[in-house]
Amino acid sequence: EYVAHRLGLIPIRYQAPDSLRGGDCTNAFTPHRECYCPERCPRCSVEFELDVDFDRVNPTRPESERMLPLTVTSKDLKSNNDCVTPAHFLNEEEQDEAHDEGISIVKIGPGQSLKFSAIARLGISKEHAKWCPVAVATYRFWPDIMINEERVATLTHEQKQELVDVCPDRILQLDDVTGKLSPVENAYEIVTFTDDLKECQHAMKKRPEDDDYVSCKQSEDRFVFSVESNGAMDAEEILMSALKVMKERLNYLAQEVESLKDL
């Protein structure tokens, strides 16, 4: 049961012969429930085999590792389809930092072995999370950072520097030569809409109703959407595939609405 659970969570990556990216495999395979085969076939499934024997592999290991357990990883899974393989690592950085050659499945010792065949089928995460190619998906509103040049011109150099220093995200920078206050290059990525800047400005104002020197508000028509893949598909491919599915469903809905008008 433990091994089956570990296997079910290993991302499976489809890479078309003419591509270097992990992409959508819906056009390459048929969903299992829609296939006409009695049980399974190459059109609706991919078979993986694993055969690891500690006593057979151990003599080939470095001398310093022969007394240690052998880690069976996703690298030991052999696919019968060259386009479909386990996603061993998310990126090259993760691969360089990893202690194993792939995703760990189980550790075995002397006299132990692991041998099995596994079937991978096409599915969607609505049915089970193991088919979800996304690890994390978040969004936040795009920040609109506006500097009131006329109001800032009334501040001393020390007051401008105070505006720069008060914000923990350090979204502002001050040019010591020109005295110009401006957002830092990556301000739109690091700003978290803190109130510290606003409170500091209120303390500097002569009248509460005066305009702010610097304003940072959430945009009403733009947002930052972040998608982190688990390795099964590239993030860009995930987004494009999702938009494709949404477009198809909207077209289907539009057709159904039109058909209702004719009734």
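Here is a walk through this predicted model, from its nonpolar cores out to its surface.

Let's start on the inside. The largest nonpolar core has 20 residues, and within it Tyr14 and Leu50 touch the most other members. Which elements give two or more residues to this core? They are strand 2 (45–53), strand 3 (70–73), strand 6 (104–108) and strand 7 (113–121). Strand 2 provides the largest share, with four residues.

Tyr14 is a good place to stop and look around. Setting aside its neighbours within four places in sequence, its contacts include Arg21, Gly22, Gly23, Asp24 and Cys25. Ala28, Phe29, Cys83, Val84 and Ala232 are also in contact with Tyr14, so try finding Ala232 in the sequence and then in the 3D view.

There is also a second, separate core, and this one has 19 residues. Among them are Ile147, Leu155, Leu172 and Tyr213.

Tyr213 leads us to a charged residue, because Arg151 is one of its contacts. Arg151 sits in helix 4 (residues 149–152). Leaving aside neighbours within four places in sequence, Arg151 is in contact with Lys205, Asp210, Asp211, Asp212 and Tyr213. Is Arg151 buried or exposed? It is buried, yet it has no salt bridge. The nearest side chain of opposite charge belongs to Asp210, 4.1 Å away, while a salt bridge here needs a nitrogen and a carboxyl oxygen within 4 Å.

Now for some pairs that do make it. Side chains of opposite charge can pair when their charged atoms come close. How many salt bridges does a search of the whole structure find? The search finds nine. One of the contacts of Arg151, Lys205, forms a salt bridge with Asp212, and their closest N and O atoms are 2.5 Å apart. Lys205 is buried, with a relative accessible area of 11%, whereas Asp212 counts as partly exposed at 22%.

Another salt bridge joins Glu63 to Arg66, with the closest N and O atoms 3.2 Å apart. Glu63 is exposed, with a relative accessible area of 61%, and Arg66 is partly exposed at 30%.

For a pair within a helix, head to helix 8 (residues 235–261). Lys261 and Glu258 are three residues apart there, which means that about one helical turn separates them. They form a salt bridge too, with 3.4 Å between the closest N and O atoms. Lys261 is exposed, with a relative accessible area of 58%, and Glu258 is partly exposed at 44%.

Next, look for an open space. The second largest pocket holds about 450 Å³. Its lining is made of 15 residues, and those nearest its centre are Arg61, Glu65, Leu70, Thr71 and Glu101. Strand 3 gives the largest share of that lining, three residues. You have met this strand before: it also gives two or more residues to the largest nonpolar core.

Two loops finish the tour. Pro38 is in the loop between strand 1 (12–14) and strand 2. Pro38 is exposed, with a relative accessible area of 90%. Thr26 is 12 residues away along the chain, and the C-alpha atoms of Pro38 and Thr26 are separated by 20 Å.

The other loop, between helix 5 (157–166) and strand 9 (172–174), holds Arg170. What is the phi of Arg170? It is near 55 degrees, a positive value in a residue other than glycine. Arg170 is partly exposed, with a relative accessible area of 42%.

Methods. Residues are numbered from 1 along each chain as its sequence is written. This is a predicted model: local features need pLDDT of at least 70, side-chain atom pairs count only at pLDDT 80 or more; totals for chains, interfaces and linings use all residues. Side-chain values use heavy atoms; hydrogens and water are left out. A nonpolar core is a set of buried Ala, Val, Leu, Ile, Met, Phe, Trp, Tyr and Cys residues joined through side-chain atoms within 4.5 Å. Buried means under 20% relative accessible area, exposed over 50%, partly exposed in between (1.4 Å probe, protein chains only). Contact means heavy atoms within 4.5 Å. Lys and Arg count as positive and Asp and Glu as negative; His and the chain ends are not counted. On a 1 Å grid over the protein atoms alone, a cavity is a set of points where a 1.4 Å probe fits but cannot get out, and a pocket is an open set with protein on both sides within 12 Å along at least five of seven lines; lining residues have an atom within 4 Å of a point. Grid points are joined across faces, edges and corners, and a volume is the space filled by probe spheres set on the points.
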